[in-house]
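Trainee: I am new to this structure and should like a close look at a single part, the paired strands and the helix residue beside them. Could you describe how that part is put together?

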Amino acid sequence: MFLRNKMWIAVLIIVQQVISLVYPSVTTSSKALFAHVPRQQSSSSSSPPPQKKKRKKKELGGKYSTGRERIKQPKEINYLLSRDATTGEEILAVCELPKLQMADSNYATALTWLAKRRRRKFDAVTAQRVVTVVERAITSLQGGKWSARSLANAAWGAAKLHREETSNAQLCLILENCLTLIGTSALRVMPDFKPQELANLAWALATAGIWTEALVEAIAIYGANFVSEFRPQEMSNLLWSYAKIIGPNLSIQEETSLTRSAKILFANVTHGCVKQNFKGFKPQELANIVWAVATCGYEARYDFWDTAAYKMTDNFIAELNSMTEDTLNREKKNFVSSPRQQIPQRNYGYRQPRGTNYIQLADGTQVISAQTQNIANFMWAVAKLYPRSCSKKALLSLLSSASRLTQRRIHEFNSQEIGNMAWAYATLKYRDDDFFDSLAKAATPLLPHFVAQNLANTLWAFASVGRKNDAALFYAVAKQAQGIPDAFKPQEIANMLWAFATAGAEPPKQLLNAFVETSANRLDTFADQGLSNLIWALSAMGVAHRYAPFCAQIAQVLTIRVKHLQPQALSNVVWAFANAELRADDLFYVIALEIAGIDPDHYVATNHSNLKQNQRQRFVSARAAQLNHQECSNVAWAYAKNGFDQVPELYDALATAILARSGSHQKGDTNLSEANSWTSQELANLAWAYACADHVDWALLRFLWSSIVARAQAFHNKIISNNYELTEPSEINDEILCRNWGFNMEELRQLHQVVLHIRYEACGGHAALLSDIARSPPAFLAQLKAAYRDVDPIQSRSQRSVARQLKQLGLRVTEEHLTPEGLSVDIAILPTSRRLGVEFDGPWHFFSNMPEEATGRTRFKMRLLRATGWTVLHIPYYEWTNLKDDEAKRDHLRNSLRALIQNRKQELSSTLSEQTSSATKPSHQRSMKISSSLDDNNEEDDLDRRDAYSSLRVSELRQLCEARGIDKVVRRSDGDARTVLERRLREHAAATSLDSEEDDFGL
């Protein structure tokens, strides 16, 4: 190749000498020709240009004053167009010569140099002159055969003019017609195209966006056959063009003849690059090739990515080694920021030929240093296809060197490059605080030049890597986005809100309102992931209830798309609605059926609470098996918190998937490795969800409890081995709980509710599970109860009003009463041994969009209070506020308490009659468990929080039952003996005091 180039240079020199001998007056003739064309005077010169002596010449079209005949040869015309004509006006003057016979090469040269010599936008007159030249070129195309070189050059010039003159409709239209004809003509002479001409033709078609599948396919076929003859720039231009034309279609499974030929081209080019080891590639060419591969989604081999990464890393390291602090500081001082940020030439103390920056690699090769756009494009491409791009070793070295180089040259990066770099590092999950600090510092003053995509990518990146200390940047971005809310695409809106929610920052209300308003009109254009991120962000920021109608619109759109949602999206959607306490029954219904693997058209709701474990295996679902630990936990928690129980098969499918993934755990022999595969939050949420939903699955609950105890005990032992001093439950706080048992306060409270559910509510509880709980570390159980009690009570004004009205009825009450089991009652009526209380349910106990529907969490507490023997009057806030005066409120309380006591009489009478006949209730039924103290008249024990039966042994409880005529036999299916006997004694004691209870309360 080198010898061939030398030979061509020699031939060109000989041809030039021959032309100068044959046409000695060409130069003087051309100067005389352009004497009448006005030239633009330089602004730096203060004196007028020297007056040239005008040469007398005949009319244009005749002979020049030098005695030469009129110009006929195409080469001579090309010389005038390319060498002597130094402005667009002079090029047009040559083309407008009368009777000038222009060949195909002349039109191609004219278009090429018009594009090159263009310095500013054409005015109306000049544009019309260009249109005339293009029309003549079209006529020539229609009338004769053009050479491949002329077609390529004309296409390049026409495409560049089309790109620069977009505001002139007439010129753009005529250029499009010209490019269309060039494409048609190129198909006929495709075998004649050389590599550079082929690359130029492809670049022109891609730049103008005017191409046909047949032409693009032909270029790919011929290009793939001659890859070995392509130079680096031609390779990069060709792949860049196909990336612009095809886009991400190479990643689509359905192949066409176009994509098939394009894949062959990409395969041959990437293989050729690896074979050459990217020798001779400039950073721009290297960046363009990997950018094209990533944009098209072509799955190149790992050796291609590794070779490219190591090559670019060598460039980065060489440039870092060539930098000095003095030159860098001088460069920063001379750098001037502008909207486009024109990057000045750097000077590192060595000669720079033609103003470019050369650096020396380790092997002695000199290459041009990378531009900031090359750095950003290369990193974007690697991140786009990761992990299908480079290996981890090559990636780490690339990220490290690129990070250091970016920090040194951060003042050169423009807005788009900053956004791309931040996005790439966040996508690759590479957190370098110094790198992101420099990005934040450089981005803040450039925010007015950021487009919507840059703003969204930057915030998304900073939030993804866990940067929560960039409040100034988030505020500045929000302020900038407020002025252009309509410029954001759906995905960008979702990413912006997701970033704010993840970083724990709430955007300004004005921006939030603008995003919601613009999104409501185009929800159908959001991708599935975008919709799930949108509702998740609103919920995580705690503002979803403000936009309940908008959230309902999102639910309506998602209901139709459920089958296309990814597992994470399903989990995020149900979590978002549950966390925001918004009901979306239709959406929850179809998602439950989708996870359970049930066809909605053939589903018939049935009661599955009595099914055994082997019968529930028929609910195994492939969709449920796709959910990971966190997603299973979030889905179960969301359905339980939302109180949605229309599809119980959902819980069966989740339980089966969890047990199948973790193995059979019927014996509760969970090991520590299995327990550590779950986080403390996942275990606590899952156990609480099944307890809250009252969905009994003993196998799952036993597995979860054994995992919880194993994890807590291991963490506890680790603390002891480190000689940390444990704290007594009475001195408990959030930090100590996390340190002692590995669970935070909220998780410990959830676990305490699970224990209460198993002991008191799940009648006929699994004996093995009750035994597991009994064998749990006593200190751990004590921590659960202490954590549940350690809640600062919040008394609302309405709650205090209820307590005041009860006192005016003559009742003695205590507020925020703690039961022996650790539950809290808003207002307990004394004596507390009778376990009669009043709960005021404020707005937070109900759904935001259904203010009269209690949430699943509220209903769970109601059930636990009933299970532990409390009779509670629940007063919703909307009923209390509708009562006009104090008299109406007292009447309402009096009548409600009287009706509540009457209902309790009937329930206890029915329970007592069953006990006296020794008819033990089946394990799956539920009953009221209202307890009372042995001595109801002892007022000194009114505030005693201990239960009267808790100090008795099981044998003593049996003797007491026999003495009072109560069945003392406890079957294994009934559950724990102590719990069953205590319940029977309490129910008997409560039944004997029914006759005088109303008189005692004065009702």
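Mentor: Helices (H or I, at least four residues) and strands (E, at least two) are DSSP runs, numbered from the N terminus. Residues are numbered from 1 along each chain as its sequence is written, and side-chain values use heavy atoms, without hydrogens or water. The model is predicted: local features need pLDDT of at least 70 and side-chain atom pairs 80 or more, while totals for chains, interfaces and linings use all residues.

The setting comes first. The protein chain has 44 helices and six strands. Of its 1003 residues, 53% are buried, a word that stands for under 20% relative accessible area, with exposed for over 50% and partly exposed in between (1.4 Å probe, protein chains only). Contacts (heavy atoms within 4.5 Å) often span long stretches of sequence: among those joining residues at least 6 apart, 75% join residues at least 24 apart.

The part itself may be followed from strand S3 to strand S6. Strands pair if DSSP finds at least two bridges between them. S3 covers residues 813-818 and S4 covers residues 824-829; the two run antiparallel and are joined by five bridges. One of these positions is Thr814, whose bridge partner in S4 is Ala828. The hairpin of S3 and S4 has five residues between the strands, and there Gly822 takes a positive phi near 100°.

S4 also pairs with S5, again in the antiparallel sense, over three bridges. Here Ile827 stands opposite Val838 of S5. Six residues lie between the strands in the hairpin of S4 and S5, where Arg835 has a positive phi near 55°.

S5 deserves particular attention. This strand, residues 836-841, is mostly covered, since six of its six residues are buried. Leu836, Val838 and Phe840 point one way from S5, whereas Gly837, Glu839 and Asp841 point the other way, and all are buried. Val838, the residue opposite Ile827, thus belongs with Leu836 and Phe840 in its direction.

The pairing of S5 with S6 (residues 871-876) is in the parallel sense and extends over six bridges. Glu839 has His874 as its bridge partner in S6. S5 is therefore paired with S4 in the antiparallel sense and with S6 in the parallel sense.

What is the helix residue beside the strands, and how does it relate to Thr871? The residue is Asn903, found in helix H41, which comprises residues 886-916. Asn903 and Thr871 are 32 residues apart along the chain, and their C-alpha atoms are separated by 9.9 Å. Is Asn903 buried or partly exposed? Asn903 counts as partly exposed because its relative accessibility is 41%.

A residue from another helix offers a contrast. Ser236 is found in helix H11, residues 232-246. Ser236 counts as buried because its relative accessibility is 1%. Leaving aside residues up to four places away in sequence, Ser236 touches Glu285, Asn288 and Ile289.

To gather the picture: S3 is joined to S4 by five bridges, S4 to S5 by three, and S5 to S6 by six. The residues of S5 are buried on both sides of the strand, while Asn903 of H41 is partly exposed.
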